[in-house]
Amino acid sequence: MRQMSCLVLKLLLILILAGWLSLWVLKPTEFWTRKWKKAEEKSTASVFGYNGLDFVVYTFPVIAMAIIGFIYLELKQKEPRTRQRRRSSIFTSFSSPLFVNQYVGILSGAHILASSLFIIFLVWTFYARVSNDFKKMTPVKSFKLSLWQYKLFRMATRCGLLAEACLALLLLPVLRGMSVFRLLGIQFEGSVRYHTWLGTAMVFFATLHGVGTFFIWGMKHRIQDEMWKWQRKGRIYLAGEIALITALIIWITSLPQIRRNRFHLFYYTHHLYIVFLVLFLFHGGDRHFYMVFPGVFLFALDKLLRIIQSRPVTCVLSARVFPCKAIELTLPKDPRLKYTPASVIFLKIPSISKIQWHPFSITSTCSIDEHTISVIVKCEGEWTSSLYDIIHDELDTEADQRKCIPVAVEGPYGPASPDFVRYNNLLLVAGGIGITPFVSIVREISSNYSRSGYPHRIQLIYAVRKFQDVCLLDPILPHLLNVEQFHIKLKVFVTREIETGTTLREVLDKIPDTRTTYFSTTCSSYTTYGPERFLWMAAIAMVSSITFLLLLVGFNHSVTPPAKKRSEQKNSSSQVDLLLLCSFAIAITCSTLLAIMIRWKRVKRELQSFTDKQNKTTKQCSLRASRELDEHEIHFGGRPNFRDIFSDFTSETGGSDIGVLVCGPEPMKESVASACRLALVSQKNAKGKRSNFSFHSLNFTL
């Protein structure tokens, strides 16, 4: 029954998505314009007016997909893993890297197809709009434009519609808790990439729109007359100009050179998106805003739910300090909170910064750690250095004098199901701190290796600069010892140091032991509860959308006077825009109160106890000296040759279903992607069939 329900919901999602995309394709045509005018005339006489029609047709389909998606994910969570089918070889080949470039990145067939279709859609929209404008050829009377000036003016105007299309999709990739992108299984790295591409395209088209318009104004000496206009009806030019300047500021401060070195500047200026969206509403009018409103609506809900989720704060239970200036933080977790390996949580430590949230891959797993959740933090920046100093200062502090470190937690966020269990064999490639998502994956598979549906063989390639970084393998040392039952092979590459005749066990013996410290829990009695259930989130989204529509209709009937002429109905009005903002604010406020009530029902339990503090360090020390570690390899003075690794792994496994997961620096990802692309063409398994390599890139940094 559950499987049939999932199938029905999936078909419904596909139909709604197809209808929404068809709407965007038909919107620039004369056919749609004629039909839409008639539909608006009929809806004006109804209770909901044209506002209800615009909301239902342009906005609600995406919100409906989010609501249905929540229900689908709720059912999928309860689906047994044995029912989850492996991906077909065609889909695997389509999702594998086809183009690798240091500037563009790693693009699969799916990326190239989606990007090409979107570019074709933009070209089609621009062509359809401009060709219709050229057919009418109605020069602006007040400007007395010549033919080429009129054409240039219309082309600049239509560039604004391309920016609108990009803005409609801009916020969807960064919905951490909403279901739109989680349904597609897109990782955090991919979501940020799409958001960046769409933002850049939007700023580009908006700049063309603004520069072209100013050029025509300058040709006719009308800049001073036009640019300061804030009329009650029609386009508000001043709002558009300020919106463009705001978008340029956001884009410039988002560049990697500024974002990485001046994070505070990036963080503060990025919140100017609120100003930009409000000014876009006043510039384009409510009818254009309904096209981009789905992303704004879901993003506002997502943001508020995340704020509520991160309150109240919990505290750090313990911390392990590694010799390579990395620390493993352990936080309390509600045993009912379940997450998939390679999931990500966002942490904020108010004693360091009250605004900065940083993402980290979870190293624990629900199968083993029922009451705790852990992450490994490498000291590489200002925030992480401050955290390391706080932890390090507590190592030699007496137990009764140790401080309590409050921490706000947001997440976990991850795929609805662990995709790695779909493959017969796994090839994991990590560089430096990129080992963290694989710690949870190895621990999850090791604790369930006897069950069906899990990989038969795993090979872990770990590249580090110095041999001391190998200590980050400590959390999975117990699983590396059981080679016969749990088929995992480790190959470590130390790239910047040279030694001969050294085994992994001998290297670990040279590294100082990790030190563990435990903190006071007096500052908080709450555990990490995670996001709300999908069904509750679906209910909140539904209540918000219905409340917004009812408020908007009520305000328009009670505040806005009825239009006497149809031309008055078509002109955008600042008053209507303000009513839309008020309806949106009240609807979000009501949803926030509902979410707070739901949240506080979940946080009544006390902090879970933390035990077995003393045996943990002793156990780790004994594992380092185990001779079973000699079964694994360590190499010095060079980087891994991924072509040879792929070839050897194919020969060893003899399987055709190989999942390749990589997490590390970009050059490493590009090398693995290139090797994966070559292996798809050349490698064959023992039966003479070509092996299917499915490439997945993991990341947790912006």
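## A parallel sheet and a helix in a predicted model

In strand β16, the residue that serves as bridge partner of Val660 is Phe695. The pair belongs to a predicted model, and the strands concerned are β15 (residues 657–663) and β16, which run parallel and are joined by 6 bridges. Helix α22 (residues 642–653) packs on the sheet and touches β10, β11, β12, β15 and β16. The direction of α22 makes about 160° with that of β11.

The setting is a protein chain of 702 residues, of which 54% count as buried. The chain has 23 helices and 16 strands. Among its contacts with a separation of 6 or more, 81% are accounted for by residues 24 or more positions apart. The chain exposes about 32,600 Å², and 60% of that area is supplied by carbon and sulfur atoms.

**The sheet**

The open sheet is formed by 6 strands in the order β14-β12-β11-β10-β15-β16, and their pairing is parallel. Strands β14 and β16 (692–697) stand at the edges with a single partner strand each, so one side of each is left without a neighbour in the sheet. From one strand to the next, the twist averages 15°. In general, the strands of a sheet pair through backbone hydrogen bonds, in either a parallel or an antiparallel sense.

Three of the pairings are set out below, each with one bridge as an example.

| Strand pair | Sense and bridges | Example of bridge partners |
|---|---|---|
| β11 (residues 457–464) and β12 | parallel, 7 bridges | Ile458 and Ile488 |
| β12 and β14 (residues 633–636) | parallel, 4 bridges | Val494 and Phe636 |
| β15 (residues 657–663) and β16 | parallel, 6 bridges | Val660 and Phe695 |

Strand β12 (residues 488–494) pairs with β11 and also with β14. This strand is mostly covered, with 6 of its 7 residues buried. Helix α15 (residues 436–447) also meets β12, since the helix lies across β10 (425–431), β11, β12 and β15. The direction of α15 is at about 150° to β10. Strand β12 is likewise among the strands touched by helix α22.

**Two residues of helix α2**

Elsewhere in the chain, helix α2 (residues 30–44) contains Trp36, and Ser43 has its place in α2 as well. Are these residues buried or exposed? Trp36 has a relative accessibility of 12% and therefore counts as buried, because buried means under 20%. Ser43, at 10% relative accessibility, also counts as buried.

Which residues does Trp36 touch, not counting those up to four places away in sequence? They are Leu53, Asp54, Val57 and Tyr58. Asp54 is 18 residues from Trp36 along the chain, and the C-alpha atoms of the two are separated by 9.9 Å.

Ser43, counted in the same manner, without residues up to four places away in sequence, touches Gly49, Tyr50 and Leu53. Leu53 is thus a residue touched by Trp36 and by Ser43. The side chain of Ser43 also reaches the backbone oxygen of Glu40, at 2.9 Å.

Conventions: Residues numbered from 1 in each chain as written. Predicted model: local features only at pLDDT ≥ 70, side-chain atom pairs only at ≥ 80, totals over all residues. Heavy atoms only, no water. Buried < 20%, exposed > 50% of the residue type's maximum accessible area, 1.4 Å probe, protein only. Pairing = 2+ DSSP bridges. Contact = heavy atoms within 4.5 Å. Areas by Shrake-Rupley, 256 points an atom, 1.4 Å probe, with all protein chains shown as cover. Axes fitted to C-alpha atoms, helices over the stretch in contact; angles between N-to-C directions. Polar contact = N/O pair within 3.5 Å; in protein donor to acceptor, adjacent residues only side chain to side chain.
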